[in-house]
Amino acid sequence: MTKSEMTGDVYYPSQEIIDNAHVKDWEKLRQEASGNYEKFWEDRANELHWFEKWDRVLDDSNKPFYKWFINAKTNISYNCLDVHVKTHRRNKLAFIWEGENGDFEAMSYYRLHKEVCKFSNILKSMGVNKGDRITIYMGRIPEIVVAMLACARVGAIHSVVYGGFSVEALHERIEDSQSKVLIVADGAWQRGKIVPLKEIADEALQRAGGIEHVIVVKRTGQEVNMEFGRDMWYHELRSLPIASNDCAMEVMDAEDPLFILYTSGTTGKPKAILHTHGGYQVGTYTSLKYVFDIHEEDRYWCAADPGWITGHSYIVYGPLLNGATSFLYEGAPNFPYPNRWWSMIEKYGLNILYTAPTAIRGLMRFGDAWVKRHDLSSLRILGSVGEPINPEAWKWYHTVVGKEKCPIMDTWWQTETGMFMITPMPSSPLKPGSGTKPFPGLEMDIVDEDGKPVKPNEEGFLVIKNPWPSMMRTIYGDDQRYVDQYWTKYPGMYMTGDSARRDEDGYYWIIGRVDDVIKVSGYRLGTAEIESALVSHVAVAEAAAIGLPHELKGNAIHTYVILKDGFNASDELMETLRQHVGHEVGPIAKPEKISFMEKLPKTRSGKIMRRVLKAQALGQDPGNLSTLED
């Protein structure tokens, strides 16, 4: 394969990449789609199976509650599995899985279909009906994919909680969703140690009522508590007559809910983002096919976790809708050695790698030698997700990992959008650090405080100006919060919450969050969640959290704490508070540093001014302090 060419800071794909791409002229496709975005999405929807077709493509009569593919009947699980089992893909591998400890499994579409039917029948035997909520709490193992697809098959709404979250985060999400079943693994392997998922779940269930059944998947094999009448082993259930290989499909309306997924907000309570069967499948199918140029023989690896939207859209649903073969890996990128990823790419002949800048920076630290020990010539396309990738990491990824021949798909999108929104395609000229331009069919802009477009290279608020099929439909159980959060600041435009700029070529450059959300290693954490965890400790009266730049993580959490009378600042207390946050929210939320304070900067109405703390920490001008209480 020939190398891409570089002119200035623009990288042009090789002719071979362009010749083999689904989209050979991305600008032409973008122009065609902008002329009639409804027709663009309808044409893509026609590539999928529908039990009944739509009366019309889009209903925008009740903005911002848009509806897509009106009165169409479908089920995303059918398009992920049944469609392929009836074709030459029946015996094609759907997943290749490697555990951190070297365990291995390969699962064909035929076998995956059987496993999903078994799991679906188990759920039905527990009284799970269409619209019921099911919480899933596991590591990166094949059963998490099976569980999600089984929920979809029977019409239940899955709520996957990231396996790195701890007690309070899990409890809060179970309680908010009013789930009736919890699917949990006994544990997960991470850096040679067991993450005690079942133990964490037991503690969460002591705080949350409503769970009637707990299905426990055996992964690590350590002894766990099994509550009689509530907890059941999955491997025992699947051997019972109820778990047959055949399960009738629940026919869903295109607008029926598929899943809720929680994302951090500016208030303490995470937002339950709701996605539906019809529009979501069209968005994820199309975006993955075009952006990662999925072909029949490809082996694709999205190295995210199924507990985040990246895993939902581009580990589970997008690849299966495209009939792709995906790789799934359980553990850490550098365990037991920094070449773990590179050895697996070589071993399995993987063609596409999609990961976060944090992982790239982390592996880059170990130097080029670990990468160069392995034959990575199978790689054809690379990808980046979760946060802006700095140009230095982009160039290392392109040169050392991609051998200057693999275009990098630098994608910007959100839990709320369901699919890539700003992204190149393999045929696009690339600029390191830029996500290039909006996906075909999307109209986006960068506006000032008053909603007016800013000039080239000026920073502003990133907005989306037209609906798209895989957009969130609401915040589950809170329509008003959905309107207030996303549609009120700029009426008629979706407010992304990110700041950005656009250069003279129309390329978008994402700068970061404008609200009180910190992105750590590409994961969104609300300052309110971290502060609430700190204040729940007996020693803490008040707390504030901010994100500060970090070489590897992108941002690191720094917190400021006012202690209650009778407690004194010490290194021991600092470490106790760090561990407490890790226990309540998850290890990823542990503060990098805790500063003990006498008072915090607040407005006269009592709101903590985090921007003042941030400016002080960075040695910057804190700006207008007229609203400061003291």
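These legends describe close-up views of a predicted model.

**View 1. The whole chain, 630 residues, as a C-alpha trace.** The trace spans about 70 × 65 × 60 Å along its principal axes. The radius of gyration is 24 Å, in agreement with the value near 25 Å that a compact globule of 630 residues would have. The chain holds 19 helices and 32 strands. Of its residues, 63% count as buried. Take the contacts between residues at least 6 apart in sequence: 71% of them join residues at least 24 apart.

**View 2. The surface and charges of the chain.** About 23700 Å² is exposed. Carbon and sulfur atoms supply 48% of that area. The side chains include 72 positive and 85 negative ones. The centres of these two sets lie 2 Å apart.

**View 3. Helix H4, residues 76-85, and its cover.** Nine of the 10 residues of H4 are buried, and the helix is mostly covered. The buried residues are Ile 76, Ser 77, Tyr 78, Asn 79, Cys 80, Leu 81, Asp 82, His 84 and Val 85. Helices that help cover them include H5 (109-125), H6 (142-154), H10 (277-291) and H11 (309-321). The cover also includes strands E5 (73-74) and E16 (257-263).

**View 4. Cysteines without disulfides.** The structure holds zero disulfides. For Cys 117, the nearest cysteine sulfur belongs to Cys 247, 5.6 Å away. A disulfide needs the two sulfur atoms within 2.5 Å, so Cys 117 is in no disulfide. Cys 117 counts as buried because its relative accessibility is 0%. Cys 302 is in no disulfide either; its nearest cysteine sulfur is that of Cys 80, 15 Å away. Cys 302 is buried as well, with a relative accessible area of 2%. Cys 80 is also one of the buried residues of H4.

**View 5. Phe 366 in the loop between helices H13 and H14.** Helix H13 covers residues 357-364, and helix H14 covers 369-372. Phe 366 is partly exposed, at a relative accessible area of 32%. Leaving aside neighbours within four places in sequence, Phe 366 is in contact with Asn 334 and Pro 338. Tyr 486 lies 120 residues from Phe 366 along the chain, and their C-alpha atoms are separated by 41 Å.

**View 6. Tyr 12 in strand E2.** The strand takes in residues 10-12. Tyr 12 is partly exposed, with 36% relative accessible area. Pro 426 is 414 residues from Tyr 12 along the chain, yet the two C-alpha atoms are separated by 9.4 Å.

**View 7. Cis peptide bonds at Pro 64 and Pro 336.** Lys 63 and Pro 64 are joined by a cis peptide bond with omega about 0 degrees. Pro 64 sits in the loop between strand E3 (58-59) and strand E4 (67-68). The bond from Phe 335 to Pro 336 is cis, with omega near 0 degrees. Pro 336 lies in the loop between strand E19 (325-329) and helix H12 (340-348).

**View 8. Positive phi at Glu 404 and Thr 436.** Glu 404 is not a glycine, but its phi is positive, about 65 degrees. Its loop runs between helix H15 (391-401) and strand E22 (408-410). Glu 404 is partly exposed, at 30% relative accessible area. Thr 436, not a glycine, has a positive phi of about 65 degrees. Thr 436 lies in the loop between E22 and strand E23 (444-447). With 0% relative accessibility, Thr 436 counts as buried.

How values were computed: Residues numbered from 1 in each chain as written. Predicted model: local features only at pLDDT ≥ 70, side-chain atom pairs only at ≥ 80, totals over all residues. Heavy atoms only, no water. Helix = DSSP H or I, 4+ residues; strand = E, 2+ residues; numbered from the N terminus. Rg over C-alpha atoms; globule rule 2.2 N^0.38 Å. Buried < 20%, exposed > 50% of the residue type's maximum accessible area, 1.4 Å probe, protein only. Contact = heavy atoms within 4.5 Å. Areas by Shrake-Rupley, 256 points an atom, 1.4 Å probe, with all protein chains shown as cover. Lys, Arg positive; Asp, Glu negative; His and termini not counted. Charge placed at Lys NZ, Arg CZ, Asp CG, Glu CD.
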